[in-house]
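Please open the model in your viewer and set it to a cartoon view, with side chains ready to be switched on. The tour below goes from stop to stop, saying at each one what to select and what is there.

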Amino acid sequence: MIDKRDAHLSLAFLTVSFIALFIGAIAGLLQTFVRSGAIELPFSIGYYQLLTAHGVLLALIFTTFFILGFLYAGISKTMGTLYDVPRRTGWLGFVMMTFGTGLATVFILLNKATVLYTFYAPLQASPWFYIALVHVVVGSWLCAFSMWNQYYIWKSRTKNKLSPLFSYMAAMTMALWFVATLGLAATVLLQFIPWSIGWVDKIDILISRTLFWYFGHPLVYFWLLPAYMCWYVVIPKIIGGKIFSDALARLSFVLFLLFSIPVGFHHQLLEPGISHTWKFFQVVLTFMVIVPSLMTAFSMFAVFETAGRKKGARGLFGWIKVLPWKDVRFFAPMMGMLIFIPAGAGGIINASHQLNQVIHNTLWVTGHFHLTVASTVALTFFGICYWLIPYLTGRTLTPRMNKLGIIQTIMWTAGMAIMSGAMHIVGLFGAPRRTSYTTYADHSQAVDWIPYQVAMAVGGTILFLAIILLMYIAWFLAFKAPKGVVDFPVGEVEENAVSTPVILENWKLWVGICAALILIAYTVPFWHMIEHAPPGSPGYKFW
């Protein structure tokens with residue numbers, strides 16, 4: 001077990017993430033009921049208020065807090081006990097983030113910040129909502145500095161030794177997060193806060209949305225990279241195999257840093273004010289992200305087959321049978337991996353300039369989002385919980401909890417298949433996203449959407465029951481499971497794998513290339529936006 005002080009820091013982040021998950025799940029369940037027309041909300045609670053709470057608490061808070069808790073535990077495991085300064089900085093970051101989360105949640109629940117997860121202008125929230133976001137982001141930066149400091153001290157003391165793969169991936173993940181959140185910080189500090197306080201009358205909507213998507217797309221990879229860390233480093237150990245290639249794993253993370261940030265325009269393909277040339281350029285860069293994704297898929301299937309062959313598997317697909325399907329530590333992330341196949345295909349459709357014309361702003365996009373983040377990422381995070389919580393609390397994963405975890409995974413997968421599948425289909429029929437229940441004066445096309453919206457409610461109900469079960473398992477593993485010792489599974493690299501080139505740890509090189517790509521992709525379009533700036537917009541509150 002890692003040092004108890006590090007375990008407490010990791011558990012603190014995990015605790016907040018689970019609280020956010022539970023509140024966000026309640027909001028999500030109610031949303032599906034309202035959207036299907038089954039209920040009307042009492043006490044003047046608004047649909048869009050719930051939508052904002054659901055999006056912020058799950059997409060931003062649950063994921064970020066969980067990731068930081070996971071990374072701190074893994075860094076402490078692979079590089080040793082946190083040094084004093086990194087640990088203190090980590091706690092300072094936790095306090096700032098928790099304060100910001102609490103403040104934002106209060107103002108969302110008070111209906112003072114019903115601006116959805118994307119908080120698009122000209123929707124205007126209370127200034128305290130944006131100030132709360134600043135606390136969350138700055139707190140996360142402190143955590144990034146904390147992890148980089150630990151990494152730097154470790155490298156300084158071990159000289160030319162290759163850094164542990166998990167810690168290298170953690171440092172790269174936080175590098176991606178830091179560079180991406182610079183755009184978010186810029187729009188919140190320079191645009192939203194002065195505008196919401198009233199220091200300026202109008203806001204440049206195009207620039208605010210561009211800065212948001214500069215952050216918004218790499219945010220997806222901030223969610224995905226910790227899942228990849230589990231797949232690359234943890235899963236090989238759980239299945240009794242070895243990591244296929246340390247070099248390939250590090251290279252894939254380098255490519256994610258390079259190609260996930262300068263691509264935000266593919267979220268703005270239908271917006272005016274950006275030339276088609278620059279949109280096309282960023283679409284091309286978007287497709288480059290497919291390369292490290294396929295590298296990851298190749299590596300994982302190589303791990304599965306190699307491990308299976310060593311166990312005596314025969315035939316082309318005989319290795320599938322010997323995988324530990326009854327071990328929830330493998331089963332839940334594996335379901336996430338399998339769902340990532342259609343999720344990734346949907347992402348290619350979203351980013352395609354022509355196909356995007358069909359699905360833009362429809363429920364298809366919401367369905368894709370739920371397949372990617374709420375399925376691939378969430379299932380992997382759930383799988384991590386089943387061994388990380390007992391590891392940090394000095395308890396064990398009992399056979400009964402393992403079985404309940406399998407049931408929880410099946411429920412989550414089935415519920416998401418129903419809900420997300422209905423979203424994809426009805427999205428192709430033109431049903432819009434970000435919209436409450438309406439039949440548009442009983443228009444026949446809108447009426448045809450209702451059965452799919454009911455299916456969404458059915459799927460949402462199953463998902464909520466799965467969350468309840470998850471909460472019970474997490475509580476049991478934290479407080480009631482038998483005392484014992486479980487391992488933090490860290491895989492070893494295959495003996496015959498090629499050695500890792502030193503250049504992959506040249507941070508100045510990769511961060512420099514990342515900065516150059518960002519400047520190439522954004523400098524000229526930004527100049528055009530400033531040179532031909534629209535008149536700006538006052539704030540609007542429709543709730």
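A cavity, in the sense used on this tour, is a set of grid points where a 1.4 Å probe fits but cannot get out, and its volume is the space filled by probe spheres set on those points. Keep in mind throughout that this is a predicted model.

**First stop: the second largest cavity**

With that meaning in hand, select Arg35, Thr435, Ser436, Thr438, Tyr440, Trp449 and Gln453, which line the second largest cavity. The space inside this cavity comes to about 30 Å³, and its lining divides by class into two nonpolar, four polar and one charged residues. The structure holds two cavities of 30 Å³ or more, and the other one is the next place to visit.

**Second stop: the largest cavity**

Now select Leu60, Leu133, Val136, Val137 and Leu184, which lie nearest the centre of the largest cavity and belong to a lining of 13 residues. The elements that give two or more residues to this lining are H2, helix H4 (127–158), helix H5 (165–197) and H6, so colouring these helices separately is a convenient way to look at the site. Which helix gives the most to the lining of the largest cavity? That helix is H2, with four residues. The volume here is about 140 Å³, and the lining has twelve nonpolar, one polar and no charged residues.

**Third stop: H2 against H6**

Stay with helix H2 (residues 47–79) and add helix H6 (residues 205–238), a pair that packs at an angle of about 40 degrees with axes 11 Å apart. The two helices are therefore oblique to each other, and their crossing is left-handed. To see the contact itself, show the side chains of Ala59, Leu60, Thr63, Thr64, Ile67, Phe70 and Leu71 in H2, which meet Phe215, Leu219, Phe222, Trp223, Pro226 and Met229 in H6. By class, this contact of H2 with H6 has eleven nonpolar, two polar and no charged residues.

**Fourth stop: H2 against H12**

Next, hide H6 and select helix H12 (residues 363–393), which packs with H2 at an angle of about 40 degrees, the axes being 11 Å apart. H2 and H12 are therefore oblique to each other, and H2 passes H12 in a left-handed crossing. The residues that make the contact include His54, Phe62, Phe66 and Lys77 of H2, together with Phe369, His370, Trp387 and Tyr391, among others, of H12. Taken by class, the contact of H2 with H12 has 16 nonpolar, three polar and one charged residues.

**Fifth stop: H7 and H9**

Move on to helix H7 (residues 246–259) and helix H9 (residues 290–310), whose axes come within 9 Å and cross at roughly 155 degrees. Because of that angle, H7 is roughly antiparallel to H9, and the crossing of the two is left-handed. On the H7 side, select Leu248, Leu251, Ser252, Leu255 and Phe256, and on the H9 side select Val291, Pro292, Ser293, Met295, Thr296, Phe298 and Ser299, which they meet. The residues of this contact divide into eight nonpolar, four polar and no charged.

**Last stop: two places in the loops**

Most residues other than glycine have a negative phi, and most peptide bonds are trans. Against that background, select serine 44, which is found in the loop between helix H1 (4–35) and H2 and which has a positive phi of about 60 degrees although it is not a glycine. Then go to proline 122, whose place is in the loop between helix H3 (84–109) and H4. Is the peptide bond from alanine 121 to proline 122 cis or trans? The bond is cis, with omega near 15 degrees.

Terms used: Residues are numbered from 1 along each chain as its sequence is written. This is a predicted model: local features need pLDDT of at least 70, side-chain atom pairs count only at pLDDT 80 or more; totals for chains, interfaces and linings use all residues. Side-chain values use heavy atoms; hydrogens and water are left out. Axes are lines fitted to C-alpha atoms, for helices over the stretch in contact, and angles run from 0 to 180 degrees between N-to-C directions. Angles under 35 degrees count as roughly parallel, over 145 as roughly antiparallel, 65 to 115 as roughly perpendicular and the rest as oblique. A crossing is left-handed if the near helix is turned anticlockwise from the far one by less than a right angle, and right-handed if clockwise. Contact means heavy atoms within 4.5 Å. Ala, Val, Leu, Ile, Met, Phe, Trp, Tyr, Cys and Pro count as nonpolar, Asp, Glu, Lys and Arg as charged, and the others, Gly among them, as polar. On a 1 Å grid over the protein atoms alone, a cavity is a set of points where a 1.4 Å probe fits but cannot get out, and a pocket is an open set with protein on both sides within 12 Å along at least five of seven lines; lining residues have an atom within 4 Å of a point.
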